[in-house]
Amino acid sequence: MDRKKSDVWNHYSVINSGMAKCSYCSNSMSYKGGSTTNLSKHLKRKHIIQYESRKHPRINEMIEQNVDEPSKQNTPETNNDQNQPSTSINAINVINKSRPIQKSVDFYFINNKPLSVSKQKTIDEQLGVMISKEFQFFSLVENVEFKKFIYLLNLRYQLPSRKTVSKSILPQLYEKTREKVRNNLLNAKYISFTTDGWTSINNDSFIAVTVHFIDPEECVLKTFLLGYWNITEKVKVAVSDNAANITSAIVMNQNWRHIPCLAHTLNLIAQSGLSEMQNVHKKVKNIVEYFKRSTKANLKLKNAQKQIGYPELKLIQDVCTR
């Protein structure tokens with residue numbers, strides 16, 4: 001085969017009329033009679049990512065754009081591979097040499113058929129879980145570097161669009177989780193809940209209800225943040241702060257036992273004690289606020305602590321609710 005017409009020569013250099021050198025592992029390979037079959041087999045067996053890039057030019061483009069110059073990385077692997085021909089391939093070659101995982105990679109990439117519907121759905125669901133639990137933006141799936149990362153991990157996986165994530169994957173995941181929580185609550189014999197309210201920066205008011213119960217089958221404590229569920233008859237204890245509106249709402253149900261939040265109660269006791277030393281408290285608060293507002297003053301305070309050999313301590317701002 002004419003080597004000018006075969007893209008396999010992008011991965012080899014000619015030694016002589018019958019031998020070629022692999023650009024990635026430096027092994028010498030025979031190509032008798034001009035045939036590149038043996039060279040292709042070596043790529044397929046030992047360097048599957050590069051082999052696949054021959055059929056998927058986009059992969060090769062992503063690899064070239066995604067990996068930093070090894071000369072800029074001060075690592076032992078970089079120092080050992082300074083004479084390698086390609087920077088992007090060097091990084092992949094280091095992985096091939098350091099970890100004996102080529103067989104699993106071969107198996108993973110060898111089949112170019114689309115993923116099965118069930119496999120695609122499983123990965124989509126895990127993507128939704130990751131976005132939900134890690135508080136990621138929906139636009140993550142449009143991020144160029146994230147796309148490159150996913151494409152290198154699995155050539156066959158098609159990332160869903162931002163709209164698919166928000167309108168399909170997450171709603172389905174929500175319903176699945178909702179049903180799971182519902183079944184757990186139905187199996188619970190007794191339930192307690194804690195609640196608290198807060199106001200957002202946009203002045204929107206929120207209230208959270210969190211239920212706690214012992215799972216009778218697994219014998220473990222479980223906790224779920226809820227909106228509303230049909231569990232009124234199972235609730236025996238309600239824990240909340242001492243706000244009058246929350247307390248009044250709970251005591252309206254005579255079957256519930258109300259337990260005030262211990263931390264909030266202690267805070268109220270402390271605030272009451274501070275009122276007895278209001279003048280001193282005000283002076284100390286003003287001092288702290290001065291250092292909090294002035295970067296220059298705060299730096300002088302740190303230097304003063306170092307000069308007299310004291311540990312560097314941070315001033316604590318007084319917040320009545322904390």
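## A walk through the helices and the sheet

Start by selecting helix 7 (residues 117-133) together with helix 9: their axes come within 10 Å and cross at roughly 85 degrees. Angles of 65 to 115 degrees count as roughly perpendicular, so that is the label for helix 7 and helix 9. Keep in mind as you go that this is a predicted model.

Now show side chains where the two helices meet. On the helix 7 side, pick Asp124, Glu125, Leu127, Gly128, Val129, Ile131 and Ser132; their partners in helix 9 are Val165, Ile169, Leu170, Leu173 and Lys176.

Slide along helix 9 to Arg182. Is Arg182 buried or partly exposed? With a relative accessible area of 37%, Arg182 is partly exposed. If you want a distance to draw, go from the C-alpha of Arg182 to the C-alpha of Ile231: you should get 9.7 Å, although these positions lie 49 residues apart along the chain.

**The sheet**

Next, bring up the strands. Five of them, in the order 6-5-4-7-8, form an open sheet with mixed pairing. Look at the two edges, strand 6 (221-226) and strand 8 (257-260): each has a single partner strand, so one side of each has no neighbour in the sheet. Turn the view and you can follow the twist, with neighbouring strands turned by 25 degrees against each other on average, direction ignored. Helix 9 (residues 162-187) packs on this sheet and touches strand 4, strand 5 (205-214) and strand 6, its direction making about 125 degrees with that of strand 6.

For the parallel part of the pairing, select strand 4 (residues 191-199) and strand 7 (residues 235-240), which are joined by 4 bridges. Ser192 is a handy marker here, standing opposite Val237 in strand 7.

For the antiparallel part, select strand 5 and strand 6, paired over 6 bridges. Here Thr210 stands opposite Leu225 in strand 6. The two strands make a hairpin with 6 residues between them, and in the turn you'll find Cys219, which has a positive phi of about 55 degrees.

**Zooming in on strand 6**

In a regular strand the side chains alternate between the two faces of the sheet. Colour strand 6 by face to see this: Lys222, Phe224 and Leu226 are on the covered face, while Leu221, Thr223 and Leu225 are on the uncovered one.

Stay with Lys222 for a moment. Which side chain makes a polar contact with that of Lys222? Pick Asn184, at 2.6 Å. Lys222 counts as buried because its relative accessible area is 15%, and the cut-off for buried is under 20%. Apart from neighbours within four places in sequence, Lys222 is in contact with Asn184, Val211, His212, Phe213 and Asp215.

**Another helix pair**

Now jump to helix 12 (residues 278-293) and helix 13 (residues 295-307), which pack at an angle of about 105 degrees with their axes 5 Å apart. This pair is therefore roughly perpendicular too. Tyr290, Phe291 and Arg293 of helix 12 make the contact with Thr295, Ala297, Asn298 and Leu301 of helix 13.

**Zooming out**

Finish with the whole protein on screen, which has 13 helices and 8 strands. Of its 322 residues, 28% are buried. Switch on the surface and you are looking at about 22,800 Å² exposed, 55% of it supplied by carbon and sulfur atoms. Among contacts with a separation of 6 or more, 46% are between residues 24 or more positions apart.

Key. Residues numbered from 1 in each chain as written. Predicted model: local features only at pLDDT ≥ 70, side-chain atom pairs only at ≥ 80, totals over all residues. Heavy atoms only, no water. Pairing = 2+ DSSP bridges. Axes fitted to C-alpha atoms, helices over the stretch in contact; angles between N-to-C directions. Contact = heavy atoms within 4.5 Å. Buried < 20%, exposed > 50% of the residue type's maximum accessible area, 1.4 Å probe, protein only. Polar contact = N/O pair within 3.5 Å; in protein donor to acceptor, adjacent residues only side chain to side chain. Areas by Shrake-Rupley, 256 points an atom, 1.4 Å probe, with all protein chains shown as cover. Parallel < 35°, antiparallel > 145°, perpendicular 65-115°, else oblique.
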